[in-house]
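Dear colleague,

I am handing over the structure below, and my notes on one pocket and on the aromatic residues follow it. Please read them with the sequence and the model open beside you.

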Amino acid sequence: MIAVVAREERSRHSALLRRALLALVLSGITVACAGGAADQVASSLTPPVDNSEIDEAELPGAALVAPTLITTPTYEGSGELVHPDAVVFPERWQGRRYWVSGTPYPIGNPKYENPSIYEGYRASQMLVPEGARNPLAQPGALGGYLSDPDMLYDPVRNQLRMYYRQTTLTADLLYLITSDNGTEWSAPQRVFTGERYGVISPAIVRESATSWRMWSVNAVAQGCYSLGAEISLEQRRSSDGMTWSEPEPVTLNIPRRVPWHLDVQYIPAKQEYWALVAAYPEGTTCSQTSIYFARSADGTNWTASPNPLLGPYEFAPLNDLVYRSTFHYHEASDAVTVWFSGARLGDGGFHFATASARYPYADLVRRVTGASPAMIERERAGLLSVQLMAARTEFEHAFP
């Protein structure tokens with residue numbers, strides 16, 4: 001869940017735009033110059049390719065960018081990552097604008113599903129910070145697996161907070177780790193204990209120094225196999241992000257779909273809460289999710305889009321599963337960057353990947369509310385392979 005960065009940070013957008021316009025002017029100089037010494041002077045003024053001061057996503061009129069695969073260097077070497085969650089700064093924090101968490105999931109092996117940290121100049125970059133050691137946490141003596149990292153920024157403490165879930169044979173445990181520099185992280189501190197499958201995909205928003213909210217999915221009935229009537233969305237409140245209240249109900253209905261994983265943030269410019277929800281068709285399982293867009297004025301009563309933002313068979317690296325995804329709203333350009341995660345069928349089962357895309361807000365709304373797009377329904381065509389069925393079964397038995 002992308003953190004709600006303090007309002008004072010937004011005042012720095014003007015400096016960012018001034019630098020971006022300067023870069024465009026300099027680029028024009030470079031093109032206009034020709035011959036001898038003029039070429040040499042112009043080339044020295046061209047911004048470097050990796051200029052960390054300029055992010056085109058922040059420029060007014062930012063164009064649509066189709067989903068593009070991100071290289072994710074995972075600690076065990078597979079490059080397969082799921083559950084991205086990002087904190088985006090108007091300029092930089094500790095040298096980078098983008099800080100992203102995620103968990104490796106090579107061919108669906110939960111042994112490696114441990115929280116990891118990445119940084120980048122742009123949404124399409126996920127680099128291991130110099131000095132950081134992934135994974136940031138492991139299950140330890142309690143066993144089970146770790147999943148669902150959710151990261152945000154606390155401006156009062158000037159630190160990153162990363163929450164993650166540990167699922168054991170009997171419980172879901174919520175842990176918190178913090179960092180003042182993005183590379184060195186505190187020891188895990190348990191902040192909540194619930195029933196197994198009772199706190200799935202926790203999404204935390206810092207509303208103020210004394211107001212924190214957490215949304216999560218309760219699927220204690222049958223986990224990944226739960227029907228819509230057996231799953232509930234819940235919210236909890238906290239004054240410090242550490243001690244949480246009893247759950248309160250949340251209303252979010254996607255017709256004929258079961259909400260499964262979600263990411264939530266508050267968008268001050270729109271005065272709304274937004275969410276991306278991974279939901280699967282009623283009567284199926286969590287191995288068949290698509291990503292839906294939802295919004296709310298109060299964070300309790302939600303309106304979801306009728307069409308998915310991204311579903312299976314629309315982007316080859318995520319061809320057979322589109323899973324928990326996250327986003328950031330760029331106020332200066334009225335555009336939304338989305339990080340998708342999911343999998344394709346390959347040798348040995350599902351191979352997971354992460355991709356980024358950018359949508360002008362108006363275009364995103366058209367995509368999820370317009371006429372239903374033509375979907376490739378491989379199952380309905382009777383082409384569901386034995387291999388895909390086996391991969392889905394494996395995923396369902398140990399969902400991330």
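The lining of the second largest pocket is made up, by class, of five nonpolar, five polar and four charged residues. Please keep in mind that this is a predicted model, and that every value here was computed from it. The pocket in question, the second largest, has a volume of about 200 Å³, and of the 14 residues that line it, E56, A123, S124, S356 and R358 lie nearest its centre. Two elements, β1 (65-69) and β19 (349-360), each give two or more residues to this lining, and the largest share, three residues, comes from β19.

Strand β19 also takes part in the aromatic contacts, since the structure holds 19 aromatic pairs and one of them is formed by Y105 and F352, with an edge-to-face arrangement at 4.9 Å centre to centre and 75 degrees between the planes. This pair links distant parts of the chain, with Y105 in the loop between β3 (96-104) and β4 (116-120) and F352 in strand β19, 247 residues apart. Y105 counts as buried because its relative accessibility is 0%, below the 20% cut-off, and F352, at 3% relative accessibility, counts as buried as well. Ring pairs further link Y105 and F352 with Y323, F350 and F395 into a cluster.

Finally, two arginines lie over aromatic rings: R96 lies over the face of Y121, at 4.3 Å from the ring centre, while R213 lies over the face of Y273, at 5.1 Å from the ring centre.

With best wishes

Definitions and conventions: Residues are numbered from 1 along each chain as its sequence is written. This is a predicted model: local features need pLDDT of at least 70, side-chain atom pairs count only at pLDDT 80 or more; totals for chains, interfaces and linings use all residues. Side-chain values use heavy atoms; hydrogens and water are left out. On a 1 Å grid over the protein atoms alone, a cavity is a set of points where a 1.4 Å probe fits but cannot get out, and a pocket is an open set with protein on both sides within 12 Å along at least five of seven lines; lining residues have an atom within 4 Å of a point. Grid points are joined across faces, edges and corners, and a volume is the space filled by probe spheres set on the points. Helices (H or I, at least four residues) and strands (E, at least two) are DSSP runs, numbered from the N terminus. Ala, Val, Leu, Ile, Met, Phe, Trp, Tyr, Cys and Pro count as nonpolar, Asp, Glu, Lys and Arg as charged, and the others, Gly among them, as polar. Rings of Phe, Tyr and Trp (its six-membered ring) pair if their centres lie within 6.5 Å; planes under 30 degrees apart count as stacked, over 60 as edge-to-face and the rest as tilted. Buried means under 20% relative accessible area, exposed over 50%, partly exposed in between (1.4 Å probe, protein chains only). A charge sits over a ring if NZ of Lys or CZ of Arg is within 6 Å of the ring centre and within 35 degrees of the ring normal.
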